[in-house]
Amino acid sequence: MRAFPAVRGSGKVADPDESDSMNVATGQQDEILIRIRGLHTVLNGKTIFDGVDLDIPRGRVTGIMGPSGTGKTTLLRHITGQLAPDAGEILVAGKSVWKLDREALFELREKIGYLFQNSALLTDFSVFENVAFPLRQHMKLPEELVRNIVFTKLQAVGLRGAAQLMPSELSGGMIRRVALARAIVRDPMLIIYDEPFVGLDPIALNQIVKLIRTLNDTLRVTAILVAHEFSAVRRVADHIHLLAGGKIVADGAPETLARGATPWTRQFFSGEADGPVPFHYPAPDYARQLGLSA
Amino acid sequence: MAQRHSFQVGTGLFILLGFAALAYLATQTTSLANYRQGPSYDIVARFTNIGQLKLRAPVKVAGVRVGSVAGIALEPDKLDARVTLSIDDRYDKIPDDSSASIFTSGLLGDQYVALQPGGSPTNFKGGDEVVLTQSSMQLEELIGKYLVGGDAAKPKSPDAAASGDKKE
Amino acid sequence: MLAKGLAQIGACGLFLVQILRALPRSLRYLRETVRQVFFVGAMSLTIIMICGLFVGMVLGLQLYHTLSIFGGTAALGTVVALSLYRELGPVVTALLFAGRAGTSITAEIGLMRATDQLDAMEMMAVDPLAYVVAPRFLAGVIAMPLLACVFNALGIFGAHLVGVNWLGLDSGTFWSNMTSGVDVWTDVMNGVWKSAVFGAVCTLIATFQGYTTPPTSEGVAYATTRTVVFSSIATLAIDFVMTAFLM
């Protein structure tokens, strides 16, 4: 498949049959891996997405930022087929996620590494078995090979020495790194980081930042990074989309966005309490509710 | 790995224990236990009334179980009950003039066949018939006799009369 | 209230269908099923054996005194065995199982839900129904009858202890009456079928409550309580229906 990489035009949706080995292919920086068009979602009566269009290029780290509650995690759940949108189309590697049957969806998910917000390690398995889990479930590999792969990945996140510990014996930062090792154990074409920096001390945070950057630099894996710590995201992301009010309100390279002058970017990146994202939750008129107006 | 192995051993032991318990319940505490008799020989006894006697009810000599009821049938011409008693081979010294009676264990218990040993020098062997029999005592008949008076309840069979005589 | 209850029962029934559909796929995770038989079965042995022994002893004591009024103490073995095999064994085992294994299944699956472990499996292309739920369901169906048999055996032992060793009933009478009064198919196996059904119902309720719990600590706590309450009610109700049909 590496034989004809140049045939593909930039911006063209990847041929589903040829997308498998693309995770290591270089020279296709602009090819679109995920294409989202006209996404509409209403959850519990609240409009989460109101016409979102988004392209995620292959081989890059794409940051998705936005205030809490704007549906960043929901967007990821749409992309991975966990939650159905109300309208719109989501193409991952050329396949419409919501038209796949269960088998095909699982086949697609096997190529996606997902780092959960709270890591979601399986609590009754050791670190080693947690990382080995995707291998054991989907491939009949000899034990020797499983060991080698798992230790390689654990070495990459610096936790080879903790292989026999249980998740309950690890600190928050270590758990995050184990989860990262598990997410990359099958060399996925796409890694999704859902809030990877939340609740980490500065040291652990920097370790994760470094890992994400290294992974992308060495393997050219496509990555989606959902977070709201701009200082961390700007160090890893190639491109950032700012999501607010159900729409993409700004996008661009981190440095461009930081200098940006739209009200959204100004409020978000300088952390002003009030602005386009209102401080007050929608409420009836204050004076009337207190019974002050005649 | 060792941990995973111990689960399998533990599960294996548990399943073994469970089936051992099931096998124990099924073979030792049920009527299957009664089948577990060695070779046996059959003798036949006729009763005018067997009351509640059931298949596989015990046959006892001096209160000790020696066999079980293997068959119950109605004699078409004489209209009395023909009960086949299956006696364990190791109890082969039962005199052939022994009598058979149907008793109830306790007031409300199950019925069983009791053999009263006689004095004959020869013993029962397969196919023999017990000549002296005493039918099941019917509670209702006894009560009837007491209520209506001895002569009013006409004895229907010689052995019922015998039991009636004893009471009066 | 009634509508909510019916909706719960309906959802539970649909969940059963989903489990049954996932069963063939869960055969790949045989090792997981073995592990679960260990957890729900072998780990419940202690409580089952102790309770079986005491239930048998109290039955021996109570029934001896009641039967002695009618002069029927000889029937003690039969009565104990029949009440254990047909009713008390399966039912009490199911109630204990709901409290011991059912709650831990609910709490375990509920916490897996709350900590995104189920979603993580989904994302690793492992079906949690086949990997988590179905093995536990199977384990319940396998373990419950075996536990009930152990319970019964210990119960008989307890009744023998009280009736024969303490109250002086003749051992031969105890056993011979039992063996002539108890049948393999209508009594022993009847209880085994019952407890297999109870095993299915109790683990269905436990897994359903865990799987659908709101992902909060409060939600898991309520779900655990509901597991015990619903399992107990379902066990006794189904016991009545099955007894009515199997008699």
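In what sense do strand 4 of chain A and strand 5 of chain A pair, and over how many bridges? The points below take up that pairing and then the rest of the model.

1. The structure is a predicted model. Its scores are ipTM 0.88 and pTM 0.78. For chain C, the average pLDDT is 92, and 100% of the residues score at least 70.

2. On the opening question, strand 4 and strand 5 of chain A pair in the antiparallel sense, over two bridges. Strand 5 of chain A covers residues 95-96. Within this pairing, A:Lys95 is the bridge partner of A:Val92. The two strands form a hairpin, with two residues between them. A:Ala93 lies in the turn of that hairpin and has a positive phi of about 50°.

3. Strand 4 of chain A, residues 87-92, is also joined to strand 1 of chain A, residues 32-43. Strand 1 and strand 4 run antiparallel, and five bridges join them. One position in this pairing can be looked up directly: A:Glu89 in strand 4 of chain A stands opposite A:Arg37. Strand 4 of chain A thus appears in two pairings, one with strand 1 of chain A and one with strand 5 of chain A. As general background, side chains in a regular strand alternate between the two faces of the sheet.

4. For chain A as a whole, the secondary structure comes to ten helices and ten strands. The chain has 294 residues, and buried residues make up 38% of them. Among the contacts in chain A with a separation of 6 or more, 63% are between residues 24 or more positions apart.

5. Chain B is divided into three parts: domain 1 (2-30), domain 2 (38-136) and domain 3 (137-168). Between the C-alpha centres of domain 1 and domain 2 of chain B, the distance is 41 Å.

6. The contact between chain B and chain C takes 30 residues from chain B and 31 residues from chain C. On the side of chain B that touches chain C, helix 1 (2-28) and helix 2 (32-35) of chain B each supply at least two residues. Helix 1 of chain B gives the largest share of that side, 14 residues. By residue type, the side of chain B that touches chain C divides into 16 nonpolar, eleven polar and three charged residues.

Key
Residues numbered from 1 in each chain as written. Chains lettered and ligands numbered in written order. Predicted model: local features only at pLDDT ≥ 70, side-chain atom pairs only at ≥ 80, totals over all residues. Pairing = 2+ DSSP bridges. Helix = DSSP H or I, 4+ residues; strand = E, 2+ residues; numbered from the N terminus. Domains from an automatic or database assignment. Contact = placed C-beta atoms within 7 Å. Nonpolar A, V, L, I, M, F, W, Y, C, P; charged D, E, K, R; others polar. Buried ≥ 20, exposed ≤ 12 C-beta atoms within 10 Å, placed from the backbone. pLDDT = per-residue confidence, 0-100.
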